[in-house]
Amino acid sequence: MLYDWIKAFHVVAIIAWMAALLYLPRLFVYHCDAPAGSPQSETFKVMERRLLKAIMTPAMIASWVLGLYLAWSGGWFKAGWLHGKLVAVIGLSAAHGFLAGCVRRFAEDRNTRPARFYRIVNEVPTVLMILIVVLVIVKPF
């Protein structure tokens, strides 16, 4: 029974984490068009910081903690699909770290990348999410 509750909260944490991973680069796209120091730029800075600190990072931590508990209690660590999932989740965590660095650069008015870059970066979490879902549901190996 506890396993099912943990799994439910794991899925909720993943949904929150993915929502933030997909939304933050979109904020960057629009932030690129705002002149540094403008009221619009300052609003984006607040939105980006709050998204990172209040939603994205806590959701990532919860996803990892709950997911590792599920893997351990379910005896999944020997399963090949879990190894693939862990590699993809490490990729999501790396994307998270990259985006956190972008938040810092925008906050310091040091962004040098164009909006197009962030449109492309926005696709990375989507591809990793698709891979993770296929590995978890289909368990191909």
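**Close-up views of a predicted five-helix chain**

Ile15 is exposed, with a relative accessible area of 55%. The model shown in these views is a predicted one.

**Figure 1. Ile15 on helix α1 and its separation from Val127.** Ile15 belongs to helix α1, which covers residues 2-32. Its relative accessible area of 55% places Ile15 in the exposed class, because that class begins over 50%. In sequence, Ile15 and Val127 are 112 residues apart. In space, the C-alpha atoms of Ile15 and Val127 lie 15 Å apart.

**Figure 2. The protein chain as a whole, given as context for the close-up views.** The protein chain contains 5 helices and 0 strands. Read from the N terminus, the order of elements is α-α-α-α-α. The C-alpha trace spans about 55 × 25 × 15 Å along its principal axes. Of the 141 residues in the protein chain, 38% are buried.

**Figure 3. The salt-bridge network of Glu42, Lys45 and Asp109.** The structure holds 3 salt bridges, and Glu42, Lys45 and Asp109 are linked in a network of such contacts. Within this network, the side chains of Glu42 and Lys45 meet with an N to O distance of 2.9 Å. Both Glu42 and Lys45 lie in helix α2, where 3 residues, about one turn of the helix, separate them. Glu42 is partly exposed, at a relative accessible area of 35%, whereas Lys45 is buried, at 11%. Lys45 also forms a salt bridge with Asp109, in which the closest N and O atoms are 3.0 Å apart. Lys45 lies in helix α2 and Asp109 in the loop between α3 (80-107) and α4 (115-121), so this pair ties together parts of the chain that are 64 residues apart in sequence. Asp109 counts as partly exposed, at 40% relative accessibility.

**Figure 4. The loop between α3 and α4, centred on the backbone of Asp109.** Asp109 is located in the loop that joins α3 and α4. The phi angle of Asp109 is near 55°, a positive value in a residue other than glycine. The side chain of Asp109 takes part in the salt bridge with Lys45. A further salt bridge is formed by Arg110 and Glu108, with the closest N and O atoms 2.5 Å apart. Arg110 is partly exposed, at 45% relative accessibility, and Glu108 is likewise partly exposed, at 42%.

**Figure 5. The positive surface patch that includes Arg49.** Arg49, Arg50, Lys53 and Arg104 form a positive surface patch. Helix α2, residues 39-73, provides the largest share of this patch, 3 residues. Arg49 is found in helix α2. With a relative accessible area of 42%, Arg49 is partly exposed.

**Figure 6. The nonpolar surface patch that includes Ile130.** Ile130, Val133, Val134, Ile137 and Val138 make a nonpolar surface patch of about 470 Å². Ile130 is placed in helix α5, which covers residues 123-138.

**Figure 7. Lys139 in the segment after α5.** Lys139 lies in the segment that follows α5. The phi angle of Lys139 is near 45°, a positive value in a residue other than glycine. Lys139 counts as partly exposed, at 35% relative accessibility.

**Figure 8. The cysteines Cys32 and Cys102.** A search of the whole structure finds 0 disulfides. Cys32 is in no disulfide, since the nearest cysteine sulfur, that of Cys102, is 9.3 Å away and a disulfide requires sulfur atoms within 2.5 Å. For Cys102, in turn, the nearest cysteine sulfur is that of Cys32, and Cys102 is in no disulfide. The surroundings of the two residues are described by their accessibilities: Cys32 is partly exposed, at 24%, whereas Cys102 is buried, at 0%.

Note on methods
Residues numbered from 1 in each chain as written. Predicted model: local features only at pLDDT ≥ 70, side-chain atom pairs only at ≥ 80, totals over all residues. Heavy atoms only, no water. Buried < 20%, exposed > 50% of the residue type's maximum accessible area, 1.4 Å probe, protein only. Patch = residues over 30% accessible without salt bridge, like charges linked within 9 Å, V, L, I, M, F, W, Y side chains within 5 Å. Areas by Shrake-Rupley, 256 points an atom, 1.4 Å probe, with all protein chains shown as cover. Salt bridge = Lys/Arg side-chain N within 4 Å of Asp/Glu carboxyl O. Lys, Arg positive; Asp, Glu negative; His and termini not counted. Charge placed at Lys NZ, Arg CZ, Asp CG, Glu CD. Helix = DSSP H or I, 4+ residues; strand = E, 2+ residues; numbered from the N terminus.
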